[in-house]
Amino acid sequence: MNLRDIKKDIMYVLNAFIEDCDAVATVNPKASDMALGDLFDEAVDLYNDLMDKVSAKVEGSKKAYFNGLRKELLEKTEALYMKLSDIIRATQK
């Protein structure tokens, strides 16, 4: 595990989420553009936050630090997907 790998993971996971938001907007015209836009903004903010943390000077174990960042990435992305699911459910009512 190294710096390049964690940056690729962050980029891949959040790009996949943004593509999913775009797919929902394309397939489901009832989905609120404002709500999807807010999710998109949250994903971009998360990306910027995590990339700042990756670039920060690490004292101590880099492995533990990067594992923590990966865990944070997955937890926060899962929360974004839950919000996306809520938007989809709201359009089906």
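These are my notebook entries on a predicted model of one protein chain.

**Entry 1: the overall layout**

I started with the secondary structure and found three helices and zero strands in the chain. Reading along the sequence, I wrote the pattern down as α-α-α. I then looked up the extent of the chain. Its C-alpha atoms fill a box of roughly 50 × 20 × 15 Å along the principal axes. The chain has 93 residues, and 28% of them count as buried. I also looked at contacts between residues at least 6 apart in sequence, and 77% of these join residues at least 24 apart.

**Entry 2: helix α2**

I picked helix α2, residues 33-55, for a check of length. How far apart should its ends be at 1.5 Å a residue? The 23 residues should span 33 Å, and the end C-alpha atoms are 33 Å apart, so the two values agree.

At the start of α2 I looked for a side chain reaching the backbone. A side-chain oxygen of Ser 32 comes to within 3.3 Å of the backbone nitrogen of Met 34.

Next I listed the buried residues of α2: Leu 36, Leu 39, Ala 43, Leu 46, Leu 50, Met 51 and Val 54. Several of the steps in this list are three or four places, and I noted a general point beside it. An α-helix has 3.6 residues a turn, so residues three or four places apart point the same way. What do the buried residues of α2 pack against? They pack against α1 (3-27) and α3 (62-91).

**Entry 3: the nonpolar core**

I looked up the largest nonpolar core and found that it has 21 residues. Ile 10, Phe 17, Leu 39 and Leu 84 have the most contacts inside this core. The elements giving two or more residues to it are α1, α2 and α3.

I followed up Leu 39, which is one of the buried residues of α2. Leaving out residues up to four places away in sequence, Leu 39 touches Phe 17, Cys 21, Leu 80, Lys 83, Leu 84 and Ile 87. Two of the core residues named above, Phe 17 and Leu 84, are in this list.

**Entry 4: aromatic pairs**

I counted two aromatic pairs. In one, the ring centres of Phe 17 and Tyr 81 are 4.9 Å apart and the planes stand at 90°, so I recorded the pair as edge-to-face. Phe 17 is in helix α1 and Tyr 81 in helix α3, 64 residues apart, and the pair links distant parts of the chain. Are these two residues buried or partly exposed? Phe 17 is buried at 0% relative accessibility, whereas Tyr 81 is partly exposed at 30%.

The other pair is Tyr 65 and Phe 66, with ring centres 5.9 Å apart. Their planes are at 55°, so this pair counts as tilted. Tyr 65 is partly exposed at 28% relative accessibility, and Phe 66 is buried at 6%.

**Entry 5: salt bridges**

How many salt bridges does a search of the whole structure find? It finds six. I went through some of them.

Lys 53 and Asp 49 meet through their side chains, at 3.6 Å from N to O. Both are in helix α2, and being four residues apart they are separated by about one helical turn. Lys 53 is partly exposed at 27% relative accessible area, and Asp 49 is partly exposed at 29%.

Which other salt bridge did I look up for Lys 53? Glu 72 forms one with Lys 53, with the closest N and O atoms 2.8 Å apart. Glu 72 lies in helix α3 and Lys 53 in helix α2, so this pair ties together parts that are 19 residues apart in sequence. Glu 72 has 15% relative accessibility and counts as buried, because the cut-off for buried is under 20%.

Within helix α3 I looked at Arg 89 and Asp 86, whose closest N and O atoms are 2.8 Å apart in a salt bridge. They are three residues apart, about one turn of the helix. Arg 89 is partly exposed at 46% relative accessibility, and so is Asp 86 at 43%.

Lastly I checked which salt bridges share partners. Such sharing joins Asp 49, Lys 53, Glu 72 and Lys 76 into one network.

How values were computed:
Residues are numbered from 1 along each chain as its sequence is written. This is a predicted model: local features need pLDDT of at least 70, side-chain atom pairs count only at pLDDT 80 or more; totals for chains, interfaces and linings use all residues. Side-chain values use heavy atoms; hydrogens and water are left out. The expected span of a helix is 1.5 Å times one less than its number of residues. Buried means under 20% relative accessible area, exposed over 50%, partly exposed in between (1.4 Å probe, protein chains only). Contact means heavy atoms within 4.5 Å. A polar contact is a pair of N or O atoms within 3.5 Å; within protein, one must be able to donate a hydrogen and the other to accept it, and residues adjacent in sequence count only if both atoms are side-chain atoms. A nonpolar core is a set of buried Ala, Val, Leu, Ile, Met, Phe, Trp, Tyr and Cys residues joined through side-chain atoms within 4.5 Å. A salt bridge is a side-chain nitrogen of Lys or Arg within 4 Å of a carboxyl oxygen of Asp or Glu. Rings of Phe, Tyr and Trp (its six-membered ring) pair if their centres lie within 6.5 Å; planes under 30 degrees apart count as stacked, over 60 as edge-to-face and the rest as tilted.
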